[in-house]
Each structure stands twice: as C-alpha cells, then as structure tokens.
Amino acid sequence: MLALTELGQRLRQERESKGLSLEDLQKLTKIQKRYLLGIEEGNYEVMPGKFYVRAFIKQYCEAIGLDTDAIFEEYKSDIPSTQTEDMPQQLSRVRSRKEIPQHTKGVSKAYDYLPTVLVVAGVVVVGIIIWVIAQNIVSDKNKEQANQEAPNSEVQQSNTQEETNETTAKNDNSKSEDEQSAADKKEKEKAGKEKAAKEKAEKEKAEKEKKDSGKQEYKEVQKTGRSATYALSGTDAFNLEVTSTQADTWLDVKNGKGNAFFSSILKKGETKEFDLTKETEARVNIGYSPGVELKVNGKAVDLPFDSSKQVRQVVTIQYQPAEAQ
C-alpha cells in the first residue's frame, strides 16, 4: 500500500470523523471506490488523467464539507495541474481537408442550380395565389346573387323560427336555473358534512395525541462508547421522525431482527418518517449527527451525545406498548 500524502491523510481523517466509509462516499459522489482510495493514497496513476484527479478531489471535498478552494491552495504541491494533453485525443484533433468525404463535392455542384430552382418555384407559388383569389371572387358573386333571389317567405319563416327559438331558450334557461340552484344546495350540504366530519376526526386525533403524550415515557437505559439505549413506554404508537438540517448524513434504521427500513443518504433539509408500532426495538445509526433531529410520536427527543464531540451516534429504542404493560 502506498504511503498517504498530507492531502490524502487530511481527507481520510475528515471522512472518518463523519462516520463515512468509502462505500458511503462512492454513493454520495458517484466516483468509483478505487479512485477514492487512489486520492487518499496519493496514487494518481489509477486515474484516467490529471483533469479527473482535480475533478474527483473537488467532488470528494464537497461531499465531506471541506472548502475546495482552500484545499487546492493548501495542498497545491500534492495535486497535479491539468494540461491540454490530458484531453482525449478524439476531442483535440481536427480533420484535414483531405479527410473530408469525396461525396460532398457533388453537393457543391447542386448549389449552382439553386437560383434557377428558386425562381421557378416562386413563379409557381404566385400562379397558385392568383388562381385562389379568382376562385374566391367568383364564389362571393354567386352567393350575393343567390341572396337577392331568395323569396320573402324564407325571411318570414326565419323570423318565426327565431321567435320560437327565443321562447324555447327562455324556458330552458328557467329550467336550468332551478336545476343549478338545487345542485348548488346539494353541494353545499355535502361540503358542510365533509367539513364537520373532518373537524371531528382532527379533534379526536388531537385528543388522542394529547392523551398519549401525557402517558408516554422515554428514558435512558444505558450508554457506552457512541451507542445509547432508551426505553419507550406508556403509549400505543411508535412513530419515529429523523430530520437533517445542516448537511447530508448517512442514516440506517433497522428493527431488532436486523431488517432495514432505510439505509442511504439523508439529504440536507429532508425528513424521513417510520411507523414502528409493530416493532419491539429499533436501531438508528446516524453517520453525521450535527443538525440531526429526532422525534418520537411527534415529540422531540435529544440525541444521547454532544454532536460536536461524538459525530457518529447509534440510538437503540426498546418499545413496549401501553396495552401490554
């Protein structure tokens, strides 16, 4: 194994202080684990090129919360500078004129005939426009003549039909207004019932939460190293909320049998909720505890250790339902 550089040692210490493994960092940065290990060991030969060295170091620093500009300045002797030769050859080469396919020469000849083609097309378009205008003029004259020759009886019949339509429309409008009024009344009654049912449900829920919170007991059982155990009793519900307010953190939530409910990165500002009422025990592993908040049944509970001193913390909650007590 290669000796760690000062930069590699600094990055590894910062990563481990946040409770992150190389696998965790790989999930955060999408950079292969062997490249991350190469950065920590100063083994830049495993990288695709010097450009990727600087890019991967930048992503590494951002993932663990370090100032990238400060790191590049402080350890500039450990970080290779990028050069144009690092660019893939296929991006830096320009084909010569000799490499241009010969079939494109025929295209240039076709451009010589383009003006003639455009003139012919313009003449055809103008002819079509003139023909359409002429057809519209003839059609308008025929319509005007037909209107002048129409019998007066058709006008009278039209007036009678309009009066009939007006009467029918009035009757329909009156009927529609009555139907709309009845529908509105029915809709208001329905909305009132739904509102009353919702208010009743919310009231019952609030009373139940108040009643449960009054009996709920959450007490410490033991502490050792970075782990602590608590006992939850006096309630018929076990709902857990975990929120990260300062930075991304690794979060792992399992039951007493080792079955995982969540095992991934909890983003900054994100909240995860877990209904653990059917479980007797839950184990919460927090990789980076600063800014992490826990709530049990909607009530905030403190982390067992000072997060500035103990970054990674493991909280085990043993649950006994009130009805079983």
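**View 1. Helix α4 gives the largest share of the lining of the second largest pocket, namely three residues.** The structure shown is a predicted model. The second largest pocket has a volume of about 170 Å³. Its lining comprises 13 residues, and those closest to the centre of the pocket are A63, I64, G65, A247 and D248. At least two lining residues come from each of α4 (50–64) and β4. By character, the lining of this pocket consists of eight nonpolar, three charged and two polar residues.

**View 2. An open sheet is built from six strands with mixed pairing.** The strand order is β1-β2-β10-β7-β4-β5. The edge positions are held by β1 (217–224) and β5 (260–266); each has a single partner strand, so one side of each lacks a neighbour in the sheet. From one strand to the next, the twist averages 15°.

**View 3. Strands β1 and β2 form a hairpin at one edge of the sheet.** Two residues lie between the strands, and G225 in the turn has a positive phi of about 60°. The pairing of β1 with β2 (residues 227–233) is antiparallel and extends over seven bridges. Within this pairing, E220 stands opposite Y230 of β2.

**View 4. Strand β4 pairs with the edge strand β5.** β4 (residues 249–255) and β5 run antiparallel and are joined by six bridges. One of the residues involved is L251, whose bridge partner in β5 is S264. Strand β4 also appears in View 1, where it supplies at least two residues of the lining of the second largest pocket.

How values were computed. Residues numbered from 1 in each chain as written. Predicted model: local features only at pLDDT ≥ 70, side-chain atom pairs only at ≥ 80, totals over all residues. Heavy atoms only, no water. Pairing = 2+ DSSP bridges. Helix = DSSP H or I, 4+ residues; strand = E, 2+ residues; numbered from the N terminus. Axes fitted to C-alpha atoms, helices over the stretch in contact; angles between N-to-C directions. 1 Å grid on protein atoms, 1.4 Å probe; cavity = no way out; pocket = protein on both sides within 12 Å on 5 of 7 lines; lining within 4 Å. Points joined across faces, edges and corners; volume = space filled by probe spheres on them. Nonpolar A, V, L, I, M, F, W, Y, C, P; charged D, E, K, R; others polar.
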